[in-house]
Structures are given as structure tokens and as C-alpha cells.
Amino acid sequence: MKFTLSWLKDHLETTASVAEIAETLTDLGLEVEEISNPADRLSDFTIGRVLSAEKHPHADRLRVCQVETDEGVKQIICGAPNAREGITVVVAKPGVYVPGIDTTIGVGKIRGIESFGMMASEREMELSDEHDGIIELPSGAVGDRFVDWLAENDPAKVDPVIEIAITPNRPDALGVAGIARDLAARGLGTLKPVEILPVPGAFDCPIPVRIEDDTLDGCPLFTGRLIRGVKNGHSPQWLQDQLRAIGLRPISALVDITNFFTYDRNRPLHVFDADKVTGGLRIHRAKGGETLMALDDKEYTFQPGMMVISDNEGPESIAGIMGGAPTGVTEETVNVFLESAYWDHIQIALAGRSLRINSDARYRFERGVDPEFTLPGLEAATQMILDLCGGEPSDVVVAGAVPDHARAYTLNAARVQSLVGLDIPESEQRQTLTALGFRLEGNQAHVPSWRPDVQGEADLVEEVARIASLTKLEGRPLRRLTPGVPKPVMTPKQRRETAARRTCAALGYNECVTYSFIDQSSAALFGGGTDHTMLDNPISSEMSHMRPALLPGLLQAAARNQARGIMDLALFEVGPAFHGGEPGEQHSLVSGLLVGRTGPKDVHGASRPVDLYDVKADAEAVLDAIGAPAKVQILRGAADWWHPGRHGMICLGPKKVLGVFGELHPKVLNAMDVKGPAMAFTLWPDEVPMPRRSGATRAALDISDLQAVERDFAFVVDAQVEALTLVNAAAGADKALIEDVHVFDEFVGDSLGEGKKSIAMTVRLQPRNATLKEADIEAVSARIVEKVTKATGGTLRG
């Protein structure tokens, strides 16, 4: 929305500067996007007088002029045909930037004679397209600033233009009068009253108007009148200057008047050439397929249900959006029909979007105009047409009625403090609402017709606070709900997820945030893809099911990276997975994925392919960070998307699984188009037992002061027996005494027999109550041999 300072002052009596107005508008919520002040680029030009103008000795068309300036007499070479002695001119001295030619004036020689400046034309100063000669001023003292002379004698040429951004909820600010009302309510001036008197008609309007019953919801009110005997020439200079300043091209007096009211009062109008209208006007719904050549010289085809203004021969206007070329006014127009109507904003928006028309009328109607100003706007435009174009008006024809927009809300003075935090006296609140056009009856505030955005008590508070200025808000700390140290805000589950994220990131993983929806085939690979987790209305076939795990999303991300040449990846995600479609049928997971090598290749050979021990160590680090017990068991038997011989379940018991780590099955990688092998882990943080102590202090270090004892055992077992089976069996021999079991050697040789191998492991015994005696050690060793022999069928190696 653009307007000039002088245009604003037509509605607002103020002495405020442009800077003050701009700052206030932004504070009111009408953000100023740009201020264009022509005086800024002309401030260095001064007035001079030509004392003499002699012919240049080396050029027939140049003159050597002696010009009196504020710095004395200057010699200036000029080629303008009107350069002569005695005229008052505009001088650009050396160092002055001339915008029209994008040049900074300097001292130079022209055909051997020095020139100390330039006398400017209007085009060189971007005042107009006139460039036949230099500017001749009828008055002005030597040395005065040219912008000061313009401000006094031709202010339109130095009138600042202000452009503001309008939010969709403020259609009233699409008129200069609405902007002035806001500024006056703030106290930046006084709103000038505008009296609109009905213009009496001299005859009955020969063009009847009718709104079809099925169109009343889209056009509840249509008014118009015929004005005969008008002279549609050029509009007056002041009107042309205002329109040009905001970027509109003056066309003719009648069209310029409608454009003026569009921007002045947010009241779009339209004028028909009455001699080109056949019969009456009918507002109706299009059947579909009708066409109209609009004023932008484009042909539009109406869709069924669009609102159309037609005469007896067919469509003549796209209702509320753009008029038609067949009934458009020209310089030969002598009889016009002036239209002022109220249109439903939603239907105008839908039609404009469908037809792809952007017009000032559509922009305003789809945001909302003042329904009460429909008829007064017609009267005001009629009077302006009579003043500028002459003519004789008919009586007004009215179809429909002003829609009922009356509503009132309770003004509660205390709500400003509770909602906004400003302490504003009730008297000031009432004064503010009155200045904005609200009508107060007791504590009921009746909303003005031009404010469709006010829909409740909170909106009244917003208006009061906006005018009072939200910059007056003072920061105040919130009061504590309870005395002392506040309780933690995050739940234990949230703290665990945060710890898991930090740990994964510290281990070198990159976090992914993938969709909770995946395709059916990917979900089926990980135990999902059933009807229970299928979406009723998926946005695409690739997002048809709730994810049963986080690994499908990580594998898809890995595939996209590999397709772009990034082969070494460490990805993780923390989030929910779903085992059903009902509320609560979800669980939290922490998943990580390693693909490729541990790092870039180097001369030391430190880089190697990732293996399952990498993800095992990472999974144990994450479990430690979220508070899992240190003593766990590693078991087999995970889901079939894990490699059957290269994975492990981290358990507290056969039925208490904390997580799984290992290599993913090759068939899964092939289906997901991932180049493997790929190592991964998945943890269930909800399965980790909560600590018995809920305090923030760390428990005391529990360390035994008794000597630990280590014993080595070697067992001969079948080659297919896993080392993990031996470790678990040995650890279970005495859970209180055995602190650690780990394998340190594996031997396969002919001396053991075919299909046999030897596994050696160390068992660490840590007493708590008394130092172990040899008999105690032998007893525990016997139980270890018994447990391992029973679990594996092996024998103790001699």
C-alpha cells in the first residue's frame, strides 16, 4: 500500500515529519517497507542566474555561459537551445550527483574551454520526461536550494511516498483514510472530518439492476446510477500526480476517479459506458463456458458458479475483480453507469485465483471492504465526477441490502493487564476505541463496519494495546510457583532421550530426523506393514504405513547418500516407532547405523571396515549414559532382519531386552538398495530400569578392599559352539562373586580332533565380605566347569 505525505494530510491534520510518521506506523502494526523522498536526491541542486551566454568559438550549438551562483560567478558550457542571458536556472556544481544521467558532475573541458558545472533539465533531475531545454524558473533567489523552491511552488514533485505492508487482517488500512485514523488514534494528529452528502438525482435511472436469488450470498448489495453528459478528458494535474506517485498510470478522468477512491477510501468502483450497455444489469452465477474480454485485453472463460455482471447480450464484467473491455469508457464516452457493490470476500478470492487475475479490486474485496460505505462511496464518487467531468446524475438504483455485521463485545479493562501486561486506565481504553470508530454503550463496544478482523474481547484488548504501543512493555521475571529450587521440568524419559542424543553425537554419529511414515515394503522388512499401521489417507504411496522401527528411515538416508558418492556414514535417530494404530501403541527407540569404513584411508592403515564390535561399544556407551546396569547378558535370538550369526541382544535376563546390535541381514540391505555390510544398534530406553535413588547426587563409589582373584579356563567344544555361550554359562556360576568373564584366546588344530576348537577365558572373582581361600576358589571353579560343560557339551582342556 503506497501513499504520499500530502495525500495523508488530506485526512490528517499533523505537523509530524516523515520519519515520525514511519516510526509510528510500524509501531502500530503497519510496517513501513520503503520511504521514497525525491527531495533527498535533489538536495544539492541550487538556483542560479545566467548573466551572459556567448557562442562557443569552436561549436555552433554550444554556449559559454557566465552563471551567478552562491559561490560566485561560474563558467558553464551549455548546449540547451533556451540557454540565454537573464533566465533563472537550476545549477549542479562540481561534485553534485545528477540522477537522470547517473553522473557526478566534475570540472572538465568542452571543445577546449573549461566548464564548472551544469544547468539541468527536468529529465536530468527525474522530475519529468521533458528534455528539450534546461529548466527556466519564474522566480527564485540565487543560492537557494532548488528543493525548497519546489516545496513552495510545486510540492507534488518533492512529495515523499510511503509504502507499508498490510497484513490480511487489516483491510481498513488499504485506504489512506484508514491509515490516518490509526495515526490520529495514536495522537500524531487530528482526523479531518469528511462529510458526504447525497447527490440528488435529476431523472430515473434507465438501467435497472437485479441480483439473482442464488447470488445474494455473494453479492448482498449492488448500487449504481447513470450520469449523462460527462466529458471524459484528462484528470486534473493534482490527481495525476497522486496516482503517478504511487505507481499508477493516469488514463482518463473517469478511470482515475475510481482508482482514487480505491486507494483513498478502500472503495473499489467501476464505470460502464452506458451507451454500450444493452437493457439492464443482472448479477448472476455463470453457467460455465461464457467468455469475456477484460480491460487487461485478455479473454477469460467463466467456470460454473462464478459471479458475473451481464446485460441483455451477455457478460460485461467479472464481478468484483475486473470490468469488461466492450463496456469500458473511452474519451468519447458521454454517459456512464457508476457501480458500487459489496462482494463476498471468499467467493471473490476463489474466482480470482481460478482466473489468475490480480487486480486492485480483487485484492481489496477478498480481504474485506466496508459494507456500510457502499452507498456513501457511490455518492462521493458521483460528486467528484460532477466536479471534474460535469454531467447530470440519475436517481440511485439499489439491489439487495447492507448485510448485517452488527456485533458488540464486552470491554473488560482488567483484561489488558492479564493478556498484554500493560497498565492502561479504563478511560484511556475507552478513548482509544472511540478514536478507532468503536461505539461504546456502557461496557459494550460495538465494532465499526470497516473492521471485520475484530471478532472477540481479545481483539478489543489488542486494539487498545496496539494504540498504546507495545514498546511500553517492561520485562518482568515470572514468579515461581513454589518456593525454593524448582522441580525439574523434563521427565526422566525426556532426560534419557537427551542423554542418548548427546552420547551418539559425541561418538561421531550424525542425527537424522525421518518421517514417521514409510512405504509398506520397507515396513514389512522390519516386522510392520500390516493393516493395523496403515494410514487411511496417505499423502503418497511412499508414506502409507507407520514405521515399526527407526532403521528403515536410516537405511533410506544411507542409500540416498551412497547414491551421491558418500560411502562412509554414521547416522542415528531418537524417536517413536509404532506397533499398532491405537493411542499408546508406540515405543521409543534409539537406533544407530554404521556403513563403510571407520575413517578415510591413510598411510598408516588405521582405516578399516566397520564391524559389529564398533556398534556393540557404541550401544554400551549409550546404555551407560542413560543409566543401564553395568552387568548385562549378550544373547542370540533377535529378529530376522539381523544377521543370524553376527548380532547380539543386550539383556538383563531372557525376557528383559535392552537393545540389539550387530550386522544387518544382506537381504534387507539389498531390498533397501544399500551397499553393505552395514552395522546397527537399536535400544529400548523405556526398558532400562529406573534408578532406585531419585536424588541428583551421585551414589558413593562401591569398591571392595579385598584382593580379587583371576583364574583361566580353556574348554574344548564343538566348532559351531559360540564363545558367547561359554561366557554366559561361566558368569552364571556365581553371580555375586564373579565380576567379569572375557575370552582371550581361540585355538583350532588337528590335535583337538576334527570339528573341535579350544576357547580360553579369564574369570575374575571379587570377594565382598572375606578374602577368598583356596577352597572357596576351587569350589567356584568347579561350578564354572560344571555350568560350561552342561551348556556346551565341552570338556576342560588338560
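Is Arg 783 buried, partly exposed or exposed, and what is its relative accessibility? In this predicted model, Arg 783 counts as partly exposed, at 33% relative accessibility.

## A bridge between distant parts

Let us stay with Arg 783 for a moment. This residue forms a salt bridge with Asp 734, and the closest N and O atoms are 3.0 Å apart. The two residues stand 49 residues apart, with Arg 783 in helix α20 and Asp 734 in the loop between α19 and β40, and the pair links distant parts of the chain. Asp 734 is buried, at a relative accessible area of 19%; the cut-off for buried is under 20%.

## More salt bridges

Across the whole structure, a search finds 40 salt bridges. One of them brings together the side chains of Asp 182 and Arg 170, at 2.9 Å from N to O. Asp 182 belongs to helix α5 (residues 176-186), while Arg 170 sits in the loop between β13 (161-164) and α5, so their pairing ties together parts that are twelve residues apart in sequence. Both partners are covered: Asp 182 counts as buried at 1% relative accessibility, and Arg 170 counts as buried at 5%. They also belong to one network, in which salt bridges with shared partners join Arg 170, Asp 172, Asp 182, Arg 451, Asp 453, Glu 463 and Arg 466.

Another salt bridge is found within helix α17, where the side chains of Lys 616 and Glu 620 meet at 2.7 Å, N to O. These residues are four apart in the helix, which means that about one helical turn separates them. Lys 616 is partly exposed, with a relative accessible area of 23%, and Glu 620 is partly exposed too, at 35%.

## A sheet of seven strands

Next, have a look at the open sheet with mixed pairing, whose seven strands run in the order β30-β33-β34-β38-β37-β36-β35. Which strands stand at its edges? They are β30 (510-511) and β35 (633-635); each has a single partner strand, so one side of each is left without a neighbour in the sheet.

Further in, β36 (residues 642-653) and β37 (residues 656-664) pair in the antiparallel sense, with seven bridges between them. To find one of these contacts, start at Ile 650: its bridge partner in β37 is Gly 659.

## The largest pocket

How much space lies in the largest pocket? The volume is about 1300 Å³. The lining has 44 residues, and the closest to the pocket's centre are Val 632, Ile 634, Leu 724, Val 727 and Asn 728. Several elements each give two or more residues to this lining: α17 (612-625), β35, β36, α19 (723-731), β40 (738-747), β41 (756-765) and α20 (774-792).

Sorted by class, the lining holds 23 nonpolar, nine polar and twelve charged residues. Some elements here will be familiar: β35 and β36 contribute to the lining and also take part in the seven-stranded sheet.

## Helix α8 and its surroundings

The last stop is helix α8 (residues 345-355), where Gln 347, Ile 348, Ala 349, Ala 351, Gly 352 and Leu 355 are buried. What covers these residues? The cover includes the strands β18 (281-285), β20 (299-301), β21 (307-311) and β22 (314-318), along with helix α9 (360-365). After α8 comes Arg 356, which has a positive phi, near 60°.

Conventions: Residues are numbered from 1 along each chain as its sequence is written. This is a predicted model: local features need pLDDT of at least 70, side-chain atom pairs count only at pLDDT 80 or more; totals for chains, interfaces and linings use all residues. Side-chain values use heavy atoms; hydrogens and water are left out. Two strands pair if DSSP finds at least two bridges between them. On a 1 Å grid over the protein atoms alone, a cavity is a set of points where a 1.4 Å probe fits but cannot get out, and a pocket is an open set with protein on both sides within 12 Å along at least five of seven lines; lining residues have an atom within 4 Å of a point. Grid points are joined across faces, edges and corners, and a volume is the space filled by probe spheres set on the points. Ala, Val, Leu, Ile, Met, Phe, Trp, Tyr, Cys and Pro count as nonpolar, Asp, Glu, Lys and Arg as charged, and the others, Gly among them, as polar. A salt bridge is a side-chain nitrogen of Lys or Arg within 4 Å of a carboxyl oxygen of Asp or Glu. Buried means under 20% relative accessible area, exposed over 50%, partly exposed in between (1.4 Å probe, protein chains only). Contact means heavy atoms within 4.5 Å.
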